[in-house]
Amino acid sequence: MKEYGYINESGYLRTKEIRVQTEKYYDGKEVKTRTISIEEQEKLLKEKGWKEVETIDNNQLNAPDGFSIRIIPYDAGDKISFRYEKVIDRKGIRSEIAALKDKLSESDYKVIKCYEASLIGKELPYDIASLYSERQSIRDRINDLELKIQI
């Protein structure tokens, strides 16, 4: 199996896998079957300007946390090749921010109960210092992540 493709006017790679195919046709008298070789298909595609597409290098796809790899096809003359660009994973970071905000919301009731207790002079139901520290570390992480996606 081989892959052939071209980069269209919008910069998108269009590809087609080619492998040995069989087709049925009617010769006027009977239905026959013929095999279309990979070489025949390659020739037809090359005549239309298609080029062999290089295989994606999976070793290039590893990215550190907070990043992803953008695969960018380009015409290398005799084939279509790829550049591997490390980019900030904005979607992943936004998901992490949303999860952290949910975690803050889950402990809001503890802050409210402590506030109510303090207003009437009762003992606080939770350790407010550790609660504050925990929530502040979450807010600090959110702020760090928001800075990353603004760059």
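Q: What makes Glu116 count as partly exposed?
A: Glu116 lies in helix 3, and helices here are DSSP runs of H or I with at least four residues, numbered from the N terminus. Its relative accessibility is 46%. Buried means under 20% relative accessible area, exposed means over 50%, and partly exposed is in between, using a 1.4 Å probe and protein chains only. Because 46% falls between those limits, Glu116 is called partly exposed. This is a predicted model, in which local features need pLDDT of at least 70, side-chain atom pairs count only at pLDDT 80 or more, and totals for chains, interfaces and linings use all residues. Residues are numbered from 1 along each chain as its sequence is written, and side-chain values use heavy atoms, with hydrogens and water left out.

Q: How far apart are Glu116 and Val53 in sequence and in space?
A: They are 63 residues apart in sequence and 66 Å apart in space, C-alpha to C-alpha.

Q: Why is Ser107 called buried?
A: Ser107 has 10% relative accessibility, which is under 20%, so the word is buried. You will find Ser107 in the loop between helix 2 (90–106) and helix 3. Leaving aside neighbours within four places in sequence, Ser107 is in contact (heavy atoms within 4.5 Å) with Leu131 and Arg135.

Q: What makes Tyr109 and Tyr126 an edge-to-face aromatic pair?
A: Rings of Phe, Tyr and Trp (its six-membered ring) pair if their centres lie within 6.5 Å; planes under 30 degrees apart count as stacked, over 60 as edge-to-face and the rest as tilted. Here the centres are 6.2 Å apart and the planes meet at 90°, so both tests are passed. Tyr109 is in helix 3 (residues 108–119), while Tyr126 is in the loop between helix 3 and helix 4 (128–150), 17 residues apart.

Q: How do you know that the charged end of Lys86 sits over the ring of Phe67?
A: The rule asks for NZ of Lys or CZ of Arg within 6 Å of the ring centre and within 35 degrees of the ring normal. The charged end of Lys86 is 4.7 Å from the centre of the Phe67 ring, so the distance test is met, and Lys86 is listed as sitting over the ring.

Q: What describes the packing of helix 3 and helix 4?
A: Their angle is about 145°, with axes 11 Å apart. Axes are lines fitted to C-alpha atoms, for helices over the stretch in contact, and angles run from 0 to 180 degrees between N-to-C directions.

Methods. Helix = DSSP H or I, 4+ residues; strand = E, 2+ residues; numbered from the N terminus.
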